[in-house]
Amino acid sequence: MNIVVALALGAVIGALLGLLGGGGSILAVPALVYVLGLGIEEAIPMSLLVVGIASAVGALPKVRAGQVQWRLAVVFSAAGIPATFIGSAIGRHLPQPVLLVGFAVVMVLAGIRMLQDNGGTGTACRVGDSGINWRRCASRSIPAGFLVGLLTGLFGVGGGFLIIPALVLMLGVEMPIAIGTSLLIIVANSLAGLLSHLSGTSIDWTIAAAFVGTAIVGSLLAGHLGTRLDTRRLQRWFAYLVFAVAAYVLIDTVAVSFL
């Protein structure tokens, strides 16, 4: 039964990653903890494995279409990878209820981000047609990359809900390129986070393989369908789902821990 559930969950999370360039990872850990009954110490690396592979596959059509800003991906990843190890080290010293409450807070912030109307592409870091002014914008992109990496290591999230607004609003990247670039950053951070969590953690590789397999298929299919769908409306409804799951995590954690 767990295999069937893992197959279904992987398909959903992969599809969300392919459509939105992020977001699906925010549900991976709650799904593994509450639906499959895993402990959070096992759910986080499994989430990172699934999200990393699904994002890599979802990024392939974006790379072929030239919808990736490679320099931005390198800058965000260089800032984020060390932060994933820091986040992982912090997480090892926190009890599961604290991690779950923190994760619920991150989910609420992600949902709020998804509901915000960004309006258009920012221009603060652009200089005409010559691209990004790195001297002016390093002070924005490096801390943003570090924060995303920290959240990846601590909670097992990909961070697309932070990466995409940072790329679009702070650095003036167009949305299609921001989605492709976000997927590459998620791959790098997820790999680093997975490596930081593997020591001392056992993973059910059968469940992980089922989860990853359907996530790959879902990400590929959604990546091709994304151009035909109203992803803005989908993102809005997904935000409401994120709020509902966050509320459940908070209520359940408080009930189990304090009542």
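What follows is a chat about the helices, burial and surface of a predicted model.

Me: What does the secondary structure of the protein come to?

Reply: The model is predicted, and it has 10 helices and 0 strands. From the N terminus on, the elements run α-α-α-α-α-α-α-α-α-α.

Me: And how much of the protein is buried?

Reply: Buried residues account for 51% of the 259 residues.

Me: Which helix is largely enclosed by the rest of the structure?

Reply: Helix H7, residues 160–170, is largely enclosed, because 8 of its 11 residues are buried.

Me: Which ones are buried in H7?

Reply: Gly 160 and Phe 161, then the run from Ile 163 and Ile 164 through Pro 165, Ala 166 and Leu 167 to Val 168.

Me: What comes just after H7, in terms of phi?

Reply: Gly 172 sits just after H7 and has a positive phi of about 70 degrees.

Me: How does H7 pack on H8?

Reply: Their axes come within 9 Å and cross at roughly 135 degrees. That angle makes H7 oblique to H8, because it falls short of the 145 that roughly antiparallel helices must exceed. The crossing of H7 and H8 is right-handed.

Me: What about H3 and H8, parallel or antiparallel?

Reply: The H3 and H8 axes come within 8 Å, with a crossing angle of roughly 150 degrees. H3 and H8 are therefore roughly antiparallel, since angles over 145 count that way. The crossing of H3 and H8 is left-handed.

Me: And H4 against H8? At what angle do they pack?

Reply: About 30 degrees, with the H4 and H8 axes 8 Å apart. Angles under 35 degrees count as roughly parallel, so H4 and H8 are roughly parallel to each other. H4 passes H8 in a right-handed crossing.

Me: Changing topic to the surface. Which residues form the nonpolar patch?

Reply: Ile 81, Phe 85, Leu 191, Leu 195 and Leu 198 form the patch on the surface. Together they have about 430 Å² of accessible area.

Me: Which elements give two or more residues to that patch?

Reply: Helix H4, residues 70–92, and helix H8, residues 175–198. H8 gives the largest share, 3 residues. That is the pair of helices with axes 8 Å apart.

Me: Take Leu 191. Where is it, and is it buried or exposed?

Reply: Leu 191 is in helix H8. Leu 191 counts as exposed because its relative accessible area is 51%, and exposed means over 50%.

Me: Back to the inside. What about Ala 59, buried or exposed?

Reply: Ala 59 lies in helix H3, residues 40–64. Ala 59 counts as buried because its relative accessibility is 2%, and the cut-off is under 20%.

Me: How far apart are Ala 59 and Ser 219, in sequence and in space?

Reply: 160 residues apart in sequence, and 9.0 Å apart in space from C-alpha to C-alpha.

Me: And Ala 28, where is that?

Reply: In helix H2, residues 25–35. Ala 28 has a relative accessible area of 0%, so it is buried.

Me: How far is Ala 28 from Gly 156?

Reply: The C-alpha atoms of Ala 28 and Gly 156 are 8.4 Å apart, with their positions 128 residues apart in sequence.

Note on methods: Residues are numbered from 1 along each chain as its sequence is written. This is a predicted model: local features need pLDDT of at least 70, side-chain atom pairs count only at pLDDT 80 or more; totals for chains, interfaces and linings use all residues. Side-chain values use heavy atoms; hydrogens and water are left out. Patches are made of residues with over 30% relative accessible area and no salt bridge: like charges are joined within 9 Å, nonpolar side chains (Val, Leu, Ile, Met, Phe, Trp, Tyr) within 5 Å. Accessible areas come from the Shrake-Rupley method with a 1.4 Å probe; for residues, only the protein chains shown count as cover. A salt bridge is a side-chain nitrogen of Lys or Arg within 4 Å of a carboxyl oxygen of Asp or Glu. Helices (H or I, at least four residues) and strands (E, at least two) are DSSP runs, numbered from the N terminus. Buried means under 20% relative accessible area, exposed over 50%, partly exposed in between (1.4 Å probe, protein chains only). Axes are lines fitted to C-alpha atoms, for helices over the stretch in contact, and angles run from 0 to 180 degrees between N-to-C directions. Angles under 35 degrees count as roughly parallel, over 145 as roughly antiparallel, 65 to 115 as roughly perpendicular and the rest as oblique. A crossing is left-handed if the near helix is turned anticlockwise from the far one by less than a right angle, and right-handed if clockwise.
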